[in-house]
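Here are my notes for your review. Please read them with the coordinates open.

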Amino acid sequence: MSILDMFKSVDINKEINRCRTTKGSILLDVRTEEEYRYGHISGSRNIPVDKIDNAENLLHDKSAPIFVYCKSGQRSKKAVSKLRKMGYANAESIGGIDEYKGQLQKGRR
């Protein structure tokens, strides 16, 4: 992540649309399991940021586009940094669910 990435504004709503139209993409929620159960974006997978080192057990294709979100965007940036170090070159932070305008799904998928 460059210094400019820290100041770049991301619209999670536009990024969700891009994720849904990108072939083979993965929508990844890195909030806690409790936060995920309380409400998440439909179609997302949950790997809490503190367990991101286990991503290889769930995310087998390291070339897949991975769209990562959390509550505010801070944890997603941290998760993307770790994922890239693990070889997931197409991981990117799309911000926080606090800015999401769509309906949330409750419970565990």
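**Notes on the sheet and its surroundings**

1. Start with one register point: Ile26 has Ile66 as its bridge partner in S3. The model is a predicted one, so read every point below in that light. The chain leaves S3, passes through helix H3 (residues 74-85) and arrives at S4. This β-α-β crossover is right-handed.

2. Next, the pairing around S3. Strand S1 (residues 26-29) pairs with S3 in the parallel sense, over four bridges. S3 is also joined to strand S4 (residues 91-96) by four bridges, and these two strands run parallel. On that side, Phe67 has Glu92 as its bridge partner in S4.

3. What is the order of the strands in the open sheet? It is S2-S1-S3-S4, four strands with parallel pairing. Strand S2 (45-46) and S4 stand at the edges. Each has a single partner strand, so one side of each lacks a neighbour in the sheet.

4. Two helices deserve a look against this sheet. Helix H1 (residues 12-20) packs on the sheet and touches S1, S3 and S4. The direction of H1 makes about 140 degrees with that of S4. H3 lies across S1, S3 and S4 as well. H3 runs at about 175 degrees to S4.

5. Why is S3 described as largely enclosed by the rest of the structure? Five of the five residues of S3 (residues 66-70) are buried, so the strand is largely enclosed. The cut-off for buried is under 20% relative accessible area. In a regular strand, side chains alternate between the two faces of the sheet. Here Ile66, Val68 and Cys70 point one way from S3. Phe67 and Tyr69 point the other way, and all of these residues are buried. S4 is mostly covered too, with five of its six residues buried.

6. Phe67 is worth a closer look. This residue lies in strand S3. Its relative accessibility is 1%, so Phe67 counts as buried. Leaving aside residues up to four places away in sequence, Phe67 touches Glu15, Arg18, Cys19, Thr22, Ser25, Ile26, Leu27, Leu28, Glu92 and Ile94. Phe67 and Lys23 are 44 residues apart in sequence, with 12 Å between their C-alpha atoms.

7. Is Ile97 buried or exposed? Ile97 has a relative accessible area of 10%, so this residue is buried. Ile97 lies in the segment after S4. Its contacts, not counting residues up to four places away in sequence, include Ile12, Arg31, Gly39, His40 and Ile41. Tyr69, Cys70, Lys71 and Leu104 are also among them. Ile97 and Arg31 are 66 residues apart in sequence but 9.8 Å apart in space, C-alpha to C-alpha.

8. Now Glu33, in helix H2 (residues 33-38). At 34% relative accessibility, Glu33 counts as partly exposed. Which residues does Glu33 touch, not counting those up to four places away in sequence? They are Asn46, Pro48 and Lys51. The C-alpha atoms of Glu33 and Met86 are separated by 22 Å, and the two residues are 53 apart along the chain.

9. Last, the aromatic rings. How many aromatic pairs does the structure hold? The count is zero. Two tyrosine rings do have a lysine charge over them. The charged end of Lys106 sits over the ring of Tyr38, 4.4 Å from the ring centre. The charged end of Lys62 sits over the ring of Tyr88, 5.4 Å from the centre.

Terms used
Residues numbered from 1 in each chain as written. Predicted model: local features only at pLDDT ≥ 70, side-chain atom pairs only at ≥ 80, totals over all residues. Heavy atoms only, no water. Phe/Tyr/Trp six-rings, centres within 6.5 Å; stacked < 30°, edge-to-face > 60°. Lys NZ or Arg CZ within 6 Å of the ring centre and 35° of its normal. Buried < 20%, exposed > 50% of the residue type's maximum accessible area, 1.4 Å probe, protein only. Pairing = 2+ DSSP bridges. Right-handed = clockwise from strand over helix to strand, strands pointing away. Contact = heavy atoms within 4.5 Å. Axes fitted to C-alpha atoms, helices over the stretch in contact; angles between N-to-C directions.
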